[in-house]
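Here are my notes on the model you sent. They cover the ligand site and then the cysteines.

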Amino acid sequence: MSIRNIDSFTHTRGESIYLDDIPVIAGTLYAAVFGSPVAHGRILKLDLAEASAMEGVVRIFTYKDVPGKNQIGGIVPDEPLLAEDIVDFNGMPVALVVAESQEIAHAAVKKIRIDIEQHEIITDPRVAQSKGQLLVPPRKFKIGDSDTAFKQCRFVFEGIAETNGQEHLYIETQGAYAVPAENNAIKVYSSTQGPTAVQKHMAAVLGIPMHRVEIDTTRLGGGFGGKEDQATAWAVFCALAAWHLKKPVKYSLHRMEDMRMTGKRNPYSSDFKIGLDEHLKIIAYEATFYQNGGAAADLSPAVLERTLFHCTNSYYIPNVTATAYSCKTNLPPNTAFRGFGGPQGMFVIEAAIAKAAEALGVTASEIQQKNLVKTGDEFPYGQKMVSEAAECWDKAISLYDVQELKNDIAVFNASNSLYKKGISFMPICFGISFTKILMNQARALVHVYMDGSVNLSTGAVEMGQGVNTKMLQVAATVFSISPDKVKLSSTNTYRIANTSPSAASATADLNGKAVQIACEQILERLKASAAEQLNCNVSAIEIKEEAVLVNGRPSGLSWNELVLSSYLKRVNLSEHGHYATPGIHFDNTIEKGHPFAYHVYGSAVTTVTVDCIRGTYEIDAVKLVHDFGTTMNPLIDRGQIEGGLVQGIGWMTMEEIVFDAEGRLRSNALSTYKVPDIYSVPKELDIHFLETSNDNLAIFRSKAVGEPPLMYGIGTYFALRNAVKAFNPSSDIGFSAPMTPEKVLMGLYSKKENK
Ligand code: MTE
Ligand code: HPA
Ligand code: MOS
């Protein structure tokens, strides 16, 4: 069964409800945050007088007004909700203005004065590391013995690779709406991927138990990781004000506030060293990752871990040493972003392979292909792989006639001097599960009403990825009823407790399995009830397309009748399902285990054309083969591939975050931060669904699809690089993403120093 996204009608009519569409209650007040104008320093004086005196300003809060703990750090308690005496990034919340309108709140923020004794500002992770400024202790993944192995390598190459951050740019900015409830409770609508994280921190800040905090989330206008942890602050601000003022308080951020005050994808600067034998087998690999974490840990330590997990991408390398530093800088705390550190690690190994290929006069694809991971190979973190890497690669080569593509490009490049084409291959391998084992659990609540309709609640948050549609499909499939009979409820901490955030691409697997478990239990009870009514054995009963069958033949009893009669017999028609991924474990004292339920594979071929006078370029085609397992919704999954790919291309080519030396964000609006539009997507996009059926823990064997396709975008970087090299073989272009047209132009006309 596959169905259209259940939100498509309300989306196209503009009827879908986002935070800002919730009708406000009379008397609602509006919040706005005053963020530090300085990236690092000590607060000497905070002058709220002029702002407080403004007409329509109700009250201004500081850390002194926090009744519980002034702390919202997710992994490490290093992030105050409101600054006390130290500020450590530009935009760090210092005061919270609450006014009768959003306009007044914003105007009042501008009237706040602050004196700050400025301290040294560090924005570069390598500088931070050299001064010992780390957010958490370094991590090291190791397999084999790279030191010894390098000595036996025929070829060894070293270099530096850098990737910049990325602004999430969800269409709906961060926001929340808090409504005080009776008996010291509070209800908060929050645009969050993690309702439980919001609930937990809100309870701690307000100094009340979690059972008094109800978080409700209908859907997000995009999250992309930016609302996994960083939706919390805004919701807690609203709650804090609502708590004191006993009035509803709303805050829906202006785009420029959101861009300035929230963290982004972690930029990385990395060193690599790669060693190969004469057959182009990679024998040894070393990488050192300097992650720009920003001013607080946020999710950076977990992101860092995933960089290590994915530092060899899709390749088997017997000797690897990978070291990673999470560096504390004076930038907004960086955070989760689609791929969660994986892309940053994969870029570095791809750079190492490109460097080796150029030096050896072979194509990168020769090295890539020879080193693809095989089933049974062990990755540096100890997991033995079940691999689809070669299947995806080989299928792409044959399906897309890659030899002919290469020939065409060679002919084009030989006959054109002002335009050059480039081609690249990008295999991907992405582990599915939260790397923190305990997070791999989920719950679902299923009610079958006496009229045969079904209501479903899960911990899954719909953010455009189509998870609600998949949840509905699971229930409809298990019961074998029409999808119209199933309705999803909002994600709510009073219905589903202790949820993991919707993240790690694992939402459909975890919550879907919980739905399946709950539905199967209800189904068992219904079948027993049917057997009793029809006077037969339970094993003879089957429910198919809303009809009760006995030994495969219609019994005359319908789903609706069975439900009603079961209710009349006092059969329990509700169930709460709990699922925890079996078989996964990881021991981080030795950095070994089996952390992933399974891996997702794929291979993309990218071709580009560079205008060698202007440095501008077009992406001619991306042709890819993706391992979907057995997709349960091809339309939604195709959408995830398209969106992920384009987001990856944006990160790799045009999205350029610029902070100045003072730690001020210069690319702070859509006029200075360019994201892909319809003109910058590939002119041709082929997606081949590779059906794989190796046993896995995906829901209905439909593999997770949310994050992996982003990493196909890395291929565009290397295709562009190859086009530049076709124009200027001695170009000193380095490995520094994004590959903006400016960088292409410099690369086209740069010369490598003869070493
Ligand atoms: N797709 C849309 N449309 N909007 C989003 O915010 N987030 C991505 C991905 N696809 C996102 C998206 C990220 S970062 C993740 S982790 C997954 O969806 C989360 O959803 P899933 O676990 O259901 O795949
Ligand atoms: N992915 C996404 N989010 C996470 C993870 C992960 O592996 N671990 C903790 N939060
Ligand atoms: Mo996605 S970065 O795990 O929210």
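1. Which atom of ligand 1 lies 3.3 Å from a backbone N or O atom of Gly464? A nitrogen atom of ligand 1 is the partner at that distance from Gly464. Please keep in mind that this is a predicted model.

2. Oxygen atoms of ligand 1 also take part in contacts with the protein. A backbone N or O atom of Phe224 is 2.9 Å from an oxygen atom of ligand 1. For Gln465, a polar side-chain atom is 3.1 Å from an oxygen atom of ligand 1. The protein buries 91% of the 520 Å² that ligand 1 exposes when taken alone.

3. The shell around ligand 1 consists of 17 residues, and the closest are Gly223, Phe224, Met463, Thr507 and Gln640. By residue class, the shell holds 9 polar, 6 nonpolar and 2 charged residues.

4. On the cysteines, the count of disulfides is 0. The closest cysteine sulfur to that of Cys311 belongs to Cys429, at 11 Å, and this is too far for a bond because a disulfide requires two cysteine sulfur atoms within 2.5 Å. Cys327 is likewise in no disulfide; the nearest cysteine sulfur, in Cys311, is 17 Å away.

5. Are these two cysteines, Cys311 and Cys327, buried or exposed? Cys311 has a relative accessibility of 1% and therefore counts as buried, the cut-off being under 20%. Cys327, with a relative accessible area of 0%, is buried as well.

How values were computed: Residues are numbered from 1 along each chain as its sequence is written. Chains are lettered from A and ligands numbered from 1 in the order in which they are written. This is a predicted model: local features need pLDDT of at least 70, side-chain atom pairs count only at pLDDT 80 or more; totals for chains, interfaces and linings use all residues. Side-chain values use heavy atoms; hydrogens and water are left out. Buried means under 20% relative accessible area, exposed over 50%, partly exposed in between (1.4 Å probe, protein chains only). A residue is near a molecule or strand if one of its heavy atoms lies within 4 Å of it. A polar contact is a pair of N or O atoms within 3.5 Å; within protein, one must be able to donate a hydrogen and the other to accept it, and residues adjacent in sequence count only if both atoms are side-chain atoms. Accessible areas come from the Shrake-Rupley method with a 1.4 Å probe; for residues, only the protein chains shown count as cover. Ala, Val, Leu, Ile, Met, Phe, Trp, Tyr, Cys and Pro count as nonpolar, Asp, Glu, Lys and Arg as charged, and the others, Gly among them, as polar.
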